[in-house]
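The following exercises are intended for a reader who is new to this structure. Each consists of a task and a solution in steps.

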Amino acid sequence: MRAVYADSINPDNPLAGLAVGERPEPQAPEGWATVRVMASALNHHDLWSLRGVGLSADQLPMILGCDAAGVDEDGNEVVVHAVVGDPAAGGGDETLDPKRSLLSERHQGTLADLVTVPRRNLVPKPAGMTFTDAACLPTAWLTAYRMLTTRGRLPEGGSVLVQGAGGGVATAAIVLAGALGARVYATSRDEAKRENATGLGATALAPGERLPERVDVVIETVGEATFDHSVKSTKPGGRIVVSGSTSGHLATVDLRRVFFLQQEIVGSTMGTRDELAALLELMAARKIAPVVDTVLDFADARAAFERLATGAGFGKIVLDHGR
């Protein structure tokens, strides 16, 4: 079958280890299902895998990819939940299972004609949603949804700051926060990305710029470069929800502000199968379409990775497996 996979690890030049070619078809163990992938989407996790973060040379070749939508053996249209873990081990939340992993870490990923996953990881695709739209949701959009709801506890009519508009999680957070009725502010160093954020309904600002108000929730994926601004922009009792640190992970925090204003710094990673189902229901009911940067043929997977690596995109990069 066709597949996009890591053939070698290269921390300095991740695309050097990227291969597009044939791999054996997977065999589903008991309790697992095989999905014929109709569309898949790329994430920065794929580039980190090629750098060797969370993936070692002895696990190669490893098919990349966490996001997919397709058809299972019974003909059901499904979306694949990428977190492989035991909900019981995490108190009902598989993201808290200490032995959890994402597809393409211990188990072959979604950038292939076929992928096998635990049967529980299949979520019905809403009938009116395209495969390319559905494939965007299991990683970045699910992460943003959990950050806003479960972890951020966004109040009705609340306010949100999204740092680093343009990334997959940040873009999703802008759209979802607006759909949930929040006032949304977004920052970016890039003027074009600020314009795109404005087009999605956010008030766009330069990094570090003073907001018109302090917010209930900050969506923080940038890390070191923006964290002080995040703390200063959060209202008393508000929450800074962290799911990434692209600019560096050793942020400096003024703890006086944190304790005096009773702010919360909250970690968040991916989301649960049930949260993915709730996200799909929300997007179908509100007719929300994910922000898609580019849809490419599967044969153009290398070009898709090259675009991902530049950081120039706004929204998801999707592979159509039927083209």
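**Exercise 1.** Which residues of helix α1 (residues 44–51) are buried? State also what covers them.

*Solution.* The model is a predicted one. A residue is counted as buried when its relative accessible area is under 20%. In helix α1, this holds for His45, Asp46, Leu47, Ser49 and Leu50. The next step is to look for their cover, which includes the strands β1, β2, β3 and β8 (101–102) as well as α9 (301–310). Finally, the residue that follows α1 is Gly52, and its phi is positive, near 95°.

**Exercise 2.** Is strand β18 (residues 316–320) largely enclosed or not, and why? Identify its partner strands.

*Solution.* Begin with the burial of the strand: five of its five residues are buried, so β18 is largely enclosed by the rest of the structure. Next, consider the directions of the side chains. In a regular strand, side chains alternate between the two faces of the sheet. In β18, Lys316, Val318 and Asp320 point one way, while Ile317 and Leu319 point the other way. Turn then to the pairing. Strand β17 (residues 292–297) runs parallel to β18 and is joined to it by five bridges. β3 pairs with β18 in the antiparallel sense, over three bridges. Asp320 illustrates both pairings: Asp297 stands opposite Asp320, and Asp320 is also the bridge partner of Ala39.

**Exercise 3.** In what order do the strands β1, β2 and β4 form an open sheet? Explain which strands stand at the edges.

*Solution.* The order of the three strands is β2-β1-β4, with antiparallel pairing. β2 (18–22) and β4 (62–63) each have a single partner strand, so one side of each is left without a neighbour in the sheet, and these two stand at the edges. For the contact between β1 (residues 2–6) and β2, five bridges are found. Within this pair, Val4 is opposite Val20 of β2.

**Exercise 4.** How many residues does the largest nonpolar core have, and which of them have the most contacts inside it?

*Solution.* The largest nonpolar core has 48 residues, and those with the most contacts inside it are Trp141, Val160, Val162 and Leu279. Elements that each supply at least two residues of this core include α3 (137–151), β11 (159–162) and α8 (273–286). Next, take Leu279 as an example. With neighbours within four places in sequence set aside, Leu279 is in contact with Leu137, Trp141, Leu142, Tyr145 and Leu176. Apart from the largest core lies another, of 20 residues, including Leu42, Leu60, Leu111 and Leu296.

**Exercise 5.** Is Phe259 buried or exposed? Compare this with the state of Lys232.

*Solution.* Locate Phe259 first: this residue lies in helix α7 (residues 255–260). Its relative accessibility is 59%, so Phe259 counts as exposed. Together with Leu255 and Phe260, Phe259 forms a nonpolar surface patch, whose combined accessible area is about 410 Å². Lys232 belongs to helix α6 (residues 227–232). Lys232 has 45% relative accessibility and therefore counts as partly exposed. Beyond neighbours within four places in sequence, Lys232 is in contact with Arg214 and Arg257. Lys232 and Arg257 are 25 residues apart along the chain, and their C-alpha atoms are separated by 7.9 Å.

Key. Residues numbered from 1 in each chain as written. Predicted model: local features only at pLDDT ≥ 70, side-chain atom pairs only at ≥ 80, totals over all residues. Heavy atoms only, no water. Core = buried A, V, L, I, M, F, W, Y, C linked by side-chain atoms within 4.5 Å. Buried < 20%, exposed > 50% of the residue type's maximum accessible area, 1.4 Å probe, protein only. Helix = DSSP H or I, 4+ residues; strand = E, 2+ residues; numbered from the N terminus. Contact = heavy atoms within 4.5 Å. Patch = residues over 30% accessible without salt bridge, like charges linked within 9 Å, V, L, I, M, F, W, Y side chains within 5 Å. Areas by Shrake-Rupley, 256 points an atom, 1.4 Å probe, with all protein chains shown as cover. Salt bridge = Lys/Arg side-chain N within 4 Å of Asp/Glu carboxyl O. Pairing = 2+ DSSP bridges.
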